[in-house]
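Visitor: I'm new to this one and would like a walk through it. Could you show it to me and start with a single residue?

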Amino acid sequence: MRLLPTPTATPPGGDSDRRIDAERLPDHSRHCLVASDFDQTLSFNDSGEVLSELLGRPGFADKVRGLAGAHLVQQGGELAYLLLHDPEYRCVRREHLAEVGRRIRLKRNIDALIEILEGGINGHRFSFFVISAAPEEVVRSALEGIVPPQNIHGTRFSYDEDSGEIRSVERLTAGYGKVAVLDELQARLQVPADRIIYVGDGSSDIHVMLHVNRRNGFTIAVSENKHIAPIARRTVLSDNALSVLVPILEDVVDLATPAQVRGFFEARGLAVQEWDKMQVDVVTFRDGDLARGSSLHDAPASARFG
């Protein structure tokens, strides 16, 4: 597990017995809303790639790049657009999406992560939700038995009753669509804005991370994506879903030392094998006078380092 320190960015209906409602919490408990993306955040796969493999349709990545370059849809909404408008994907039915979910490779210990969050940590209680641009059927199938379906909010389609084909998009949870869903959850749970935690990996999470940061919430990136890592309050890199607990324990629950964090996991039978904190500098130089043979010592004083 690799953990990157905080960047210098701008500060920031189902099983009711499994849902944490604000009014049922004891007065001493701080209730936090944890929302997570799905593709390449809780999983290693992109749902569109897996669907394309299932259909035997190569070139999904090229189609996505073409849509991104044309700015036809919000980032993250490319698969929904293809399902509605691309002839190669018009054959997709609800059962295909469910099968894609069964083929998704998940990160380890998602169930343990949710169990720990639902159990509460040092007077903090957590409600966990998934907000993804992936089709809702995909995410619910992939997380069946792990996350209650009512806690999963993905792109939702309407289907033709006779043919079963996708007729329209009822809700697109990409870009600002994620912000809208997060605001709905906050209002329903009555959670203060500064107790919202969002976990994501890519460009489709930019809107929601900026929204959470602006309201003094807490954002965690699980990739070094050049667009998202500078925005997130913390970045953690791991193939284990439990890794997102590290910044939560340090910055939300306020466990002050690495020894306390390690002790938290060890008390639950989990050993942190590797934990490297790194400072990452990304530097690009543009060729100038030096590349044409001049010396740094010949440059004017105002152009020298120091």
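Guide: Let us begin with Asn 240, which sits in the loop between strand E8 (234-237) and helix H9 (245-251). Please keep in mind throughout that this is a predicted model.

Visitor: Is Asn 240 buried or exposed?

Guide: Asn 240 has a relative accessible area of 14%, and because buried means under 20%, Asn 240 counts as buried.

Visitor: What lies 3.0 Å from a polar atom of its side chain, I mean the side chain of Asn 240?

Guide: That is the backbone nitrogen of Leu 242, which lies 3.0 Å from a polar atom of the Asn 240 side chain. Once neighbours within four places in sequence are set aside, Asn 240 is also in contact with Arg 108 and Asn 109.

Visitor: Where is Asn 109, then?

Guide: Asn 109 is in the loop between helix H4 (94-103) and helix H5 (110-119), and with a relative accessibility of 28% it counts as partly exposed. Its phi is near 70 degrees, which is a positive value in a residue other than glycine.

Visitor: Why would anyone point out a positive phi?

Guide: Because most residues other than glycine have a negative phi. Asn 216, in the loop between H8 and E7, likewise has a positive phi, of about 70 degrees, although it is not a glycine.

Visitor: Switching topic, how many helices and strands are there?

Guide: The protein chain has 10 helices and 9 strands, and of its 306 residues 47% are buried. The chain exposes about 15600 Å², of which carbon and sulfur atoms supply 47%.

Visitor: Okay, pick a strand for me. How many residues of strand E6 are buried?

Guide: In strand E6, which covers residues 196-200, 5 of the 5 residues are buried, so the strand is largely enclosed by the rest of the structure. Ile 196, Tyr 198 and Gly 200 are buried on one side, while Ile 197 and Val 199 are buried on the other, which leaves both faces of E6 covered.

Visitor: Why do the residues split between two sides like that?

Guide: In a regular strand the side chains alternate between the two faces of the sheet.

Visitor: Which strands pair with E6?

Guide: Strand E2 (residues 30-36) pairs with E6 in the parallel sense over 4 bridges, and within that pairing Val 34 has Ile 197 of E6 as its bridge partner. Strand E7 (residues 218-221) also pairs with E6 in the parallel sense over 4 bridges, with Tyr 198 standing opposite Thr 219 of E7. Between E6 and E7 the chain passes through helix H8 (residues 206-214), in a β-α-β crossover that is right-handed.

Visitor: And what about the loop between E2 and helix H1, which residue has its place there?

Guide: One residue in the loop between E2 and helix H1 (47-55) is Phe 38, which counts as buried at 0% relative accessibility. Leaving out residues up to four places away in sequence, Phe 38 touches several others, including Ile 104, Leu 106, Val 130 and Leu 143. Phe 38 and Gly 200 are 162 residues apart in sequence, yet their C-alpha atoms are 7.9 Å apart in space.

Visitor: Last thing, how many disulfides does the count come to?

Guide: The count comes to 0 disulfides. As for individual cysteines, Cys 32 is buried at 2% relative accessibility, whereas Cys 91 is partly exposed at 32%.

How values were computed:
Residues numbered from 1 in each chain as written. Predicted model: local features only at pLDDT ≥ 70, side-chain atom pairs only at ≥ 80, totals over all residues. Heavy atoms only, no water. Helix = DSSP H or I, 4+ residues; strand = E, 2+ residues; numbered from the N terminus. Buried < 20%, exposed > 50% of the residue type's maximum accessible area, 1.4 Å probe, protein only. Polar contact = N/O pair within 3.5 Å; in protein donor to acceptor, adjacent residues only side chain to side chain. Contact = heavy atoms within 4.5 Å. Pairing = 2+ DSSP bridges. Right-handed = clockwise from strand over helix to strand, strands pointing away. Disulfide = S-S within 2.5 Å. Areas by Shrake-Rupley, 256 points an atom, 1.4 Å probe, with all protein chains shown as cover.
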